[in-house]
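The following exercises are to be worked with the sequence and the three-dimensional model in view. Each task is followed by a solution in steps.

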Amino acid sequence: MKTLIEFINDKQADFPYASGEFTRLLNDIGIAAKLVNREINKAGLADINGYFGTQNVQGEDQKKLDVFANDCFLAAMRHGGMVCAVASEENDELYTYDSAFSQKGKYVVAMDPLDGSSNIEVNVPIGTIFSIYRRISDSGSGTVNDLLQQGNRQIAAGYVIYGSSTMLVYSTGHGVNGFTLDPSVGLFLLSHPDMTFPEGGNIYSINEANYIYFHEGVKQYIKYCQQDDPATLRPYTTRYIGSLVADFHRNLIRGGIYIYPGTKKNPNGKLRLLYECNPIAFLAEQAGGKASNGYIRILDIQPTELHQRVPLFVGSKAMVEKAEEMMKLYSE
Ligand code: AHM
Ligand code: MG
């Protein structure tokens, strides 16, 4: 079986003038993922569960593993020197590297180092999400503007899912490939080449407890999912883990839609554009799916701030289009 490193190297051979820096960056991300995976596997045992005693910029309590994962990915990218700045869910401000080596780095990264962290204590899958751009600034410390690029300018994106097995799934804009970690040898092996959404799907994933706060279009879409019509596989089935990576990953393999809509209380929903919605949207499109905020393509939204939130509708193309149709039909 092909390892992640072999696969990345083979791809680089397709670009004879490439310097290998981007390859090195992906490799660094893979190494950090293995370290985080090791800690997560010990989570029930060591003194690693629980809160760190601080809050992130969103006012959410940081868990020890959130902080560990953030430190791990930041350190791996510092060591590699290919990245000049990082926007992370766990850092209020843009994180910039001060070494001359990193300041020459061509890339910037947006990441959620540990997504779905409310699921850590209960042994439910969690993930890491990352998004890579070429910097816009010439040199020196990266700037916020380097990160405020539309998602359609991502040169790569991916996630790591720490589930029943640990997988790294990524795309450089030429399809989506998934690698499963073989823990006995510590290598990611190509297990899911060319991942694509199945034609049809019958799973919908949404936190329905917020129903009363939803836009009428979302309510009508949920009703549509629950109607009896065997020809269109309805009524669909609900699956909601509460970890975006895990919900997306399952829907990618089985066919489905994930929605985190805006609500009356939070019109922009919960999920962050830079390090949750954009990378997931990039992967969705690369896998033949679709991602929108209910009206327009996620990847075409111009970001204005690092921790900006947007509603997310992502998954099998036909399902997202149906949900968009309802949003238009019942516009408020
Ligand atoms: P987090 O980054 O603080 O973990 O929050 C993001 C997570 C997503 O993974 C998940 O889909 C969503 O929040 C669940 O939110 P809710 O509990 O409101 O349904
Ligand atoms: Mg998150």
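**Exercise 1. The metal site**

Which residues coordinate the magnesium ion (ligand 2)?

*Solution.* The model is a predicted one.

Step 1. The magnesium ion (ligand 2) is coordinated by Glu 89 and Glu 276 through OE atoms and by Asp 112 and Asp 115 through OD atoms, at 1.8 to 2.7 Å.

Step 2. Written along the sequence, the spacing of these donor residues is E-x22-D-x2-D-x160-E.

Step 3. Asp 115 belongs to strand E5, while Glu 276 belongs to helix H8 (residues 273–286); the pair therefore ties together parts that are 161 residues apart in sequence.

**Exercise 2. The sheet of eight strands**

Determine the strand order of the sheet that begins with E4, and identify its edges.

*Solution.*

Step 1. The order is E4-E3-E5-E6-E7-E8-E9-E10, in an open sheet of eight strands with mixed pairing.

Step 2. The edges are strand E4 (95–96) and strand E10 (187–192); each has a single partner strand, so one side of each is left without a neighbour in the sheet.

Step 3. At one edge, E4 runs antiparallel to strand E3 (residues 83–88), and two bridges join them. Within this pairing, Val 86 has Tyr 95 of E4 as its bridge partner.

Step 4. At the other edge, strand E9 (residues 177–182) and E10 are antiparallel and are joined by five bridges. Phe 179 has Leu 190 in E10 as its bridge partner. E9 and E10 form a hairpin with four residues between them, and Gly 186 in the turn has a positive phi of about 70 degrees.

**Exercise 3. Helices on the sheet**

Which strands does helix H3 lie across, and which strands does helix H7 touch?

*Solution.*

Step 1. Helix H3 (residues 64–80) lies across E3, E4, strand E5 (107–115), strand E6 (126–134) and strand E7 (156–162), and runs at about 155 degrees to E5.

Step 2. Helix H7 (residues 244–254) also packs on the sheet, where it touches E5, E6, E7, strand E8 (166–171) and E10. The direction of H7 makes about 100 degrees with that of E7.

**Exercise 4. The pair H2 and H3**

Describe how helix H2 and helix H3 are arranged relative to each other.

*Solution.*

Step 1. The axes of helix H2 (residues 21–41) and H3 come within 9 Å and cross at roughly 150 degrees.

Step 2. An angle over 145 degrees counts as roughly antiparallel. H2 and H3 are therefore roughly antiparallel to each other.

Step 3. The crossing of H2 and H3 is right-handed.

Step 4. Residues of H2 in the contact include Leu 25, Ile 29, Ala 32 and Val 36, and those of H3 include Phe 68, Ala 69, Cys 72 and Phe 73. By class, the contact of H2 with H3 has 14 nonpolar, two polar and three charged residues.

**Exercise 5. The sheet of five strands and its helices**

In what order do the strands of the sheet that includes E12 and E14 stand?

*Solution.*

Step 1. The order is E12-E11-E13-E15-E14, in an open sheet of five strands with mixed pairing. E12 and strand E14 (290–292) are the edge strands, each pairing on one side only.

Step 2. Strand E11 (residues 203–205) runs parallel to E12, and two bridges join them. Tyr 204 stands opposite Thr 238 in E12.

Step 3. H6 lies across E11, strand E13 (256–260) and strand E15 (312–315), at about 150 degrees to E11.

Step 4. The axes of H6 and helix H9 (residues 317–329) come within 8 Å and cross at roughly 130 degrees. That angle makes H6 oblique to H9. The crossing of H6 and H9 is right-handed.

Step 5. The contact involves, among them, Val 218 and Tyr 221 of H6 and Met 319 and Met 326 of H9. The residues of the contact of H6 with H9 divide into seven nonpolar, two polar and one charged.

**Exercise 6. Backbone details in loops**

Where is the cis peptide bond from Arg 234 to Pro 235 placed, and which loop holds Asn 123?

*Solution.*

Step 1. The peptide bond from Arg 234 to Pro 235 is cis, with omega near 0 degrees. Pro 235 lies in the loop between helix H6 (216–226) and strand E12 (237–238).

Step 2. Asn 123 is in the loop between E5 and E6. Although Asn 123 is not a glycine, it has a positive phi of about 60 degrees.

Note on methods:
Residues are numbered from 1 along each chain as its sequence is written. Chains are lettered from A and ligands numbered from 1 in the order in which they are written. This is a predicted model: local features need pLDDT of at least 70, side-chain atom pairs count only at pLDDT 80 or more; totals for chains, interfaces and linings use all residues. Side-chain values use heavy atoms; hydrogens and water are left out. Two strands pair if DSSP finds at least two bridges between them. Contact means heavy atoms within 4.5 Å. Axes are lines fitted to C-alpha atoms, for helices over the stretch in contact, and angles run from 0 to 180 degrees between N-to-C directions. Angles under 35 degrees count as roughly parallel, over 145 as roughly antiparallel, 65 to 115 as roughly perpendicular and the rest as oblique. A crossing is left-handed if the near helix is turned anticlockwise from the far one by less than a right angle, and right-handed if clockwise. Ala, Val, Leu, Ile, Met, Phe, Trp, Tyr, Cys and Pro count as nonpolar, Asp, Glu, Lys and Arg as charged, and the others, Gly among them, as polar. Donors are N, O and S atoms within 2.8 Å of the metal (3.2 Å for Na, K and Ca); water is not among the atoms, so sites may look incomplete.
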